Amino acid sequence: MPTNGNRRQIGVGLIGLGVVGSGVARALIERRDYFARQVGAELVVRRAAVRNLQKPRAVELPPGTITDDVDAVLADPAIDIIVEVIGGEEPAGTYIRRALEAGKHVVTANKELMAKVGPELLADAHRRGLDIMFEASVGGGIPLIAPLRRDLLANKISSIRAIINGTTNYILTSMANHAAVAEALHRQGLEPPPGGYEEALRAAQELGYAEPDPTNDVEGYDAAYKLAIMATLGFRTRVHPSQVHTEGITRLSAKDFEAARELGYAIKLLAIAERTPEGIIARVAPAFIPLSEPLARVDGVYNAVQIHGDLTGTVLFQGRGAGSEPTSSAVVADLLDLAHAIVLGTRERKYWGPEGDVPVLGLEHLETRYYLRVKVTDRPGVLAQIARTLGDHEVSIAAVNQKETDTHAQTADLVIMTHRAREGAVQAALREMATLPVVVQVSAFLRVEG
Ligand code: NDP
Ligand code: HSE
């Protein structure tokens with residue numbers, strides 16, 4: 001190991017110097033002495049690979065550090081740890097495998113890669129006596145991976161319930177706030193401005209919270225990757241993102257937020273994985289959650305994760321799930337952990353141990369309550385037909401409310417809350433309902449979680 005005076009040095013190679021990479025480099029430079037005291041070695045950024053050498057950088061590195069040649073970083077013998085912060089499945093996966101082949105530890109913030117092939121990468125690293133650390137892949141600066149891998153290890157974890165995507169939580173919070181204003185305007189007989197999904201997304205993009213292409217966030221894929229990682233670690237069995245039932249937020253309307261508010265609920269994009277006696281059920285979808293629940297009060301770009309262990313009971317983690325500084329906090333924590341292990345000469349560390357294959361069940365096995373909004377023709381006997389269709393499928397109505405009658409079109413919106421029912425039965429009832437001549441449209445279908 002090289003030294004600086006009598007201080008040992010550990011070489012770090014960054015692949016990616018964008019939002020996260022530059023935050024990591026800045027922290028390593030500005031807190032170098034403090035980190036060295038904590039782990040017994042200096043962490044030195046030796047090389048940083050980017051795509052475009054002409055781009056201005058948010059951090060100043062010694063001349064010659066930045067390169068557009070990833071091979072030069074992977075092959076550098078003075079680099080002990082590779083930090084992959086480019087994102088996406090490829091070429092990131094290839095770079096990580098090559099780093100392991102070259103005998104280097106890896107730190108990554110890459111949720112997509114870790115969700116899809118994390119267990120294989122971890123097993124590969126373990127065989128080589130190396131580590132892959134990925135705290136930043138879920139929840140930015142919120143400690144989640146270390147608690148799931150280590151601190152909660154004594155527990156049987158039965159559920160993970162999370163708001164794990166800041167972009168969508170910001171959009172949903174805007175839509176909920178608009179619903180509150182709309183309610184006040186309605187009371188005064190005034191027509192509120194549109195407060196739909198499109199308006200909220202545009203505002204989020206203008207503020208820089210949502211990316212120009214927001215697909216991964218608003219369609220729920222980002223949250224599904226994060227849930228798959230947490231469920232895999234927590235339940236100690238493989239949960240692939242393709243096994244996470246995933247719905248986005250794009251079809252929500254201002255009417256749903258108004259209904260939720262009246263009924264005492266928030267609408268959140270919830271990522272939930274539960275272990276039932278038959279298997280695991282994992283889902284990401286916008287859902288009603290009672291306002292009394294802690295997750296209902298997590299607003300804006302904040303994330304929160306509730307984990308239930310049999311020994312701990314419910315523990316709640318909350319904080320900033322994205323951004324340069326919170327995310328670099330997680331990456332640097334992993335770097336310090338690895339540096340400490342290198343200094344101590346510890347190689348064989350427990351990575352993640354699967355405890356057999358637990359089946360991941362389809363959503364038809366889920367049992368919960370449901371919110372339905374159905375546009376119907378406004379004439380006698382319609383409600384009875386809707387109730388009969390649900391009843392035929394053993395779905396019992398808890399409350400029904402006729403909203404917003406359009407006298408010109410002779411239609412009305414029915415808002416229905418059900419008692420607990422099997423998702424398979426509700427879906428079958430909805431399919432049948434959609435064929436009734438009196439039903440114009442099944443406009444919304446949301447689970448009531450909690
Ligand atoms: P950015 O787009 O800001 O930065 C990506 C960096 O990677 C850029 O420096 C880019 O180079 C470089 N890069 C991309 N492709 C290549 C390539 N093939 N070879 C070399 N360099 C490449 O991304 P972020 O920093 O925001 O995200 C990085 C990772 O962190 C992702 O996995 C993301 O999901 C994760 N993450 C991000 C969070 C955030 O708040 N941003 C939060 C939590 C996780 P160039 O600059 O030249 O274009
Ligand atoms: N796009 C993610 C979010 C941040 O909005 O939460 C990176 O994980």
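This report covers a helix pair, several annotated residues and some backbone features of a predicted model.

## The α5–α10 helix pair

Two packed helices are described by the angle between their axes and the distance between the axes. Here the pair is α5, residues 111-127, and α10, residues 221-235. Their axes come within 8 Å and cross at roughly 40°. The two helices are therefore oblique to each other. The crossing of α5 and α10 is left-handed.

Helix α5 brings Lys111, Glu112, Met114, Ala115, Lys116 and Pro119 to the contact. Helix α10 brings Asp222, Tyr225, Lys226, Ala228, Ile229 and Thr232. By type, the residues of this contact divide into six nonpolar, five charged and one polar.

## Lys226 and Lys111

Lys226 carries the UniProt annotation "active site", from an unreviewed entry. It sits in helix α10. Is Lys226 buried or exposed? Its relative accessibility is 6%, so Lys226 counts as buried. Setting aside residues up to four places away in sequence, Lys226 touches Lys111, Ser137, Val138, Ile164 and Asn165.

Lys111 is covered by a "binding site" annotation in UniProt, again from an unreviewed entry. This lysine belongs to helix α5. Its relative accessible area is 24%, so Lys111 is partly exposed. Which residues does Lys111 contact, leaving aside its neighbours within four places in sequence? They are Ser137, Asp222, Tyr225, Lys226 and Ile229. Ser137 thus appears in the contacts of Lys111 and in those of Lys226.

## The annotated stretch after β2

UniProt, in an unreviewed entry, lists Ile15, Gly16, Leu17, Gly18, Val19, Val20, Gly21 and Ser22 under "binding site". Leu17 lies in the loop between β2 and α1, where α1 spans 19-30. Leu17 is buried, at 4% relative accessible area. Beyond residues up to four places away in sequence, it touches Ser22, Ala25, Ala48, Ala49, Val50, Arg57, Val59, Leu61 and Ile66.

Val20 is placed in helix α1. With 19% relative accessibility, Val20 counts as buried; the cut-off is under 20%. Which residues does Val20 touch, not counting residues up to four places away in sequence? The set is Val85, Thr327, Ser328 and Val331.

## Leu14 in strand β2

Leu14 lies in strand β2, residues 7-15. Its relative accessible area is 0%, so Leu14 is buried. Not counting residues up to four places away in sequence, it touches Gly21, Val24, Ala25, Val45, Arg47, Ala48, Ala49, Val73 and Val83. Ala25, Ala48 and Ala49 are among the contacts of Leu14 and also among those of Leu17.

How far apart are the C-alpha atoms of Leu14 and Leu74? The separation is 9.5 Å, with their positions 60 residues apart along the chain.

## The end of α10

Gly234 lies in helix α10. At 11% relative accessibility, this glycine counts as buried. Leaving aside neighbours within four places in sequence, Gly234 is in contact with Leu148 and Ile157. Gly234 and Ala75 are 159 residues apart in sequence. In space they are 35 Å apart, C-alpha to C-alpha.

Arg236 is found in the loop between α10 and β9, residues 245-246. It has a positive phi of about 55° although it is not a glycine. Arg236 is buried, with a relative accessible area of 13%.

## Other backbone features

Gln410 is another residue with a positive phi of about 55° that is not a glycine. Its place is the loop between β15 (397-406) and β16 (411-418). Is Gln410 buried or exposed? Its relative accessible area is 55%, so Gln410 is exposed. Arg236, by contrast, is buried.

One peptide bond also deserves a look. The bond from Glu90 to Pro91 is cis, with omega near 10°. Pro91 is in the loop between β5 (81-84) and α4 (92-101).

Definitions and conventions: Residues are numbered from 1 along each chain as its sequence is written. Chains are lettered from A and ligands numbered from 1 in the order in which they are written. This is a predicted model: local features need pLDDT of at least 70, side-chain atom pairs count only at pLDDT 80 or more; totals for chains, interfaces and linings use all residues. Side-chain values use heavy atoms; hydrogens and water are left out. Axes are lines fitted to C-alpha atoms, for helices over the stretch in contact, and angles run from 0 to 180 degrees between N-to-C directions. Helices (H or I, at least four residues) and strands (E, at least two) are DSSP runs, numbered from the N terminus. Angles under 35 degrees count as roughly parallel, over 145 as roughly antiparallel, 65 to 115 as roughly perpendicular and the rest as oblique. A crossing is left-handed if the near helix is turned anticlockwise from the far one by less than a right angle, and right-handed if clockwise. Contact means heavy atoms within 4.5 Å. Ala, Val, Leu, Ile, Met, Phe, Trp, Tyr, Cys and Pro count as nonpolar, Asp, Glu, Lys and Arg as charged, and the others, Gly among them, as polar. UniProt positions are given in the numbering used here, feature names are shortened, and annotations may be inferred rather than shown by experiment. Buried means under 20% relative accessible area, exposed over 50%, partly exposed in between (1.4 Å probe, protein chains only).
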